[in-house]
Amino acid sequence: MEGPLVLKIHPNDNVVVALQPLPAGTTVLPGIVTRQPIPQAHKIALVDIPAGGAILRYGVLLGHAKADIAQGDWIHEGMLDLPTPPDLDSMRWGTHLVTDLPAPPVSSWEGYRNPAGGFAGTRNYLGISTTVQCVSGVLNVAVERMRRELLPRYPHVDGIVPINHTYGCGVAINAREAHIPIRILQSLARHPNFGGELMVVGLGCEKLTPEMLVGAEDANPDNLILLQEQKGFEGMVHALMEMADRKLARLNERRRESLPLSDLLIGMQCGGSDAFSGVSANPAAGYAADLLVAGGGTVLFSEVTEVRDGVHLLGERCVDEPTMRKLADEMRWYDRYLEAGGADRSANPTPGNKKGGLANIVEKAMGSIAKSGSSPIVEVLSPGERPTKHGLIYAATPASDIVCGPSQLSLGIGVQVFMTGRGTPYGLAAAPVIKVCSRNEMQAQWPDLIDFCAGPILTGEATLPEMGERLFREILEVASGRKQSAAERFHLYNDIAVFNPAPIT
Ligand code: CA
């Protein structure tokens, strides 16, 4: 076996992680011999840990040993109890504000400025909003025709994105939490990549009216088609084609221009994580986030159940007390949401996460928050709330890839950076998703689906700052349209799963 065999993250840790599969009887460090075969990315005890003893990784408590663990033992998920989550009432703020961030090597990118201002676009798409799923069948047929017959005439438009979703009717539209899906759909309609052109397709009898979606002023015949008002299927397709033609002609005038990083909004997410995600991919993303923030850019990170166990560390990075309090409130809201469903944060890790060496949600969370880098948190957003500041922002969303994606998208992200250990072909239609993998083996497995491999950090071929800076440059290449992400190249687009914590009727 070549290279280092194990990795220790924090000096206080009493476990190390296997960098490759290790047979029983392997001397991994002086005096420490594996007692069982150790799968790649899994943990090995550095010392004897008695039943009830602390298991420490990232310098934090992952849990307590359920039974005696011997030095050299494989520690897997069945062997530790979950500790209680950090107390939300005793969080501190502003005690860990890092201001000496690394300086970005580049300070501009090429994007699409929008008439309404705000963050700029990274692509030029015709976005077609829907008020209700009932219209999706007709819209999808019409969009196929638009792509075939209209799009070739407008070479400066990158594509057409229908925003099909399952909200809109058969829902308790006035329920307490209904503002969350509604706000997400309202914001999606005005995504920066859609250039301020509104096109809304409704049925005519749904609860989410076009007026609720885009406002009374914009729900006018220039932007709105109601299928119940059209003459049959042919009439519907004709109306949709005609409106799309007009919108595409205007979008075709959009051009990229050189913009400062302050016009760029990036989202960070992870999924299909393994125990290396928190060592290579997420820290590289965190370094890139620091460069973006230092250059005036704005970065979102999310996924409530994956920050819950490290939230005390995030509180210390909040710039003021109201920001920290809002962070705590978002955690409380989600604790209650899970409780109402008879679950808690331990429901988060997947079988794949565990196979990838993540013993529980604490270990997953410590890896997950590494993607936020080290800059101060300037704002905390409730689901669907749009950013009002520049810098690092915590935007509360579920951790589910398929729900976090559209939630961040609705906030106007131009690119999503997506870290994975075990691999997912996930993508979003309205903004490029850059796939960053944690291990060289993952890239070898999916060379055409992974955009960026952070594995060289594990093998010592590159340092974290080197890989972070390379990822920063990759983000700007994709944002500027000089490069397509893999998911974009293959048109791998997931459905728009809007977060709806409110009742369906
Ligand atoms: Ca996720």
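Let me begin with a pair of helices, helix H5, which covers residues 281-294, and helix H13, which covers residues 464-479, because two packed helices are described by the angle between their axes and the distance between the axes. In this predicted model, H5 and H13 pack at an angle of about 65°, and their axes are 8 Å apart. The crossing of these two helices, H5 and H13, is right-handed. If you want to find the contact on the screen, look on the H5 side for Pro283, Ala284, Ala285, Tyr287, Ala288, Leu291 and Leu292, and on the H13 side for Leu464, Pro465, Met467, Gly468, Glu469, Leu471, Phe472 and Ile475. Sorted by class, the residues in this contact of H5 with H13 are 13 nonpolar, one polar and one charged.

Now to a second pair of helices. Helix H1, residues 136-150, and helix H4, residues 232-251, have axes that come within 9 Å and cross at roughly 50°. That angle makes H1 oblique to H4, and the crossing of H1 and H4 is right-handed. Which residues of H1 and H4 make the contact? From H1 they are Val138, Leu139, Val141, Ala142, Arg145, Met146 and Leu150, and from H4 they are Phe233, Met236, Val237, Leu240, Met241, Ala244, Asp245 and Leu248. In this contact of H1 with H4 we find 13 nonpolar residues, no polar ones and two charged ones.

Let me step back to the domains. The domain assignment of the protein gives domain 1 as 6-81, domain 2 as 111-251 and domain 3 as 272-489. Taking domain 2 and domain 3 together, their C-alpha centres lie 28 Å apart, and the contact takes 18 residues from domain 2 and 18 residues from domain 3. On the side of domain 2 that touches domain 3, the elements that give two or more residues are strand S11, at 125-130, and helix H2, at 179-189. Of these, H2 gives the most, with five residues. By class, this side of domain 2 has eight nonpolar, eight polar and two charged residues.

I would like to finish with the sheets, and for those of you who are new to them, a general reminder may help: strands of a sheet pair through backbone hydrogen bonds, either parallel or antiparallel. One open sheet here has four strands in the order S1-S2-S5-S8, and the pairing is antiparallel. Its edge strands, each pairing on one side only, are strand S1, at 6-7, and strand S8, at 74-75. Inside this sheet, strand S2, residues 15-18, pairs with strand S5, residues 43-45, in the antiparallel sense over three bridges. If you look at Val15, you will find that its bridge partner in S5 is Ala45.

Another open sheet is formed by three strands in the order S6-S7-S9, again with antiparallel pairing. Here the edge strands are strand S6, at 54-57, and strand S9, at 80-81, and each of them pairs on one side only. How many bridges join S6 and strand S7, residues 60-65? These two strands, S6 and S7, pair in the antiparallel sense over four bridges, and the bridge partner of Arg57 in S7 is Val60. Finally, please notice helix H9, residues 361-368, which lies across S6 and S7 and runs at about 165° to S7.

Key:
Residues numbered from 1 in each chain as written. Predicted model: local features only at pLDDT ≥ 70, side-chain atom pairs only at ≥ 80, totals over all residues. Pairing = 2+ DSSP bridges. Axes fitted to C-alpha atoms, helices over the stretch in contact; angles between N-to-C directions. Parallel < 35°, antiparallel > 145°, perpendicular 65-115°, else oblique. Left-handed = near helix turned anticlockwise from the far one by under 90°. Contact = placed C-beta atoms within 7 Å. Nonpolar A, V, L, I, M, F, W, Y, C, P; charged D, E, K, R; others polar. Domains from an automatic or database assignment.
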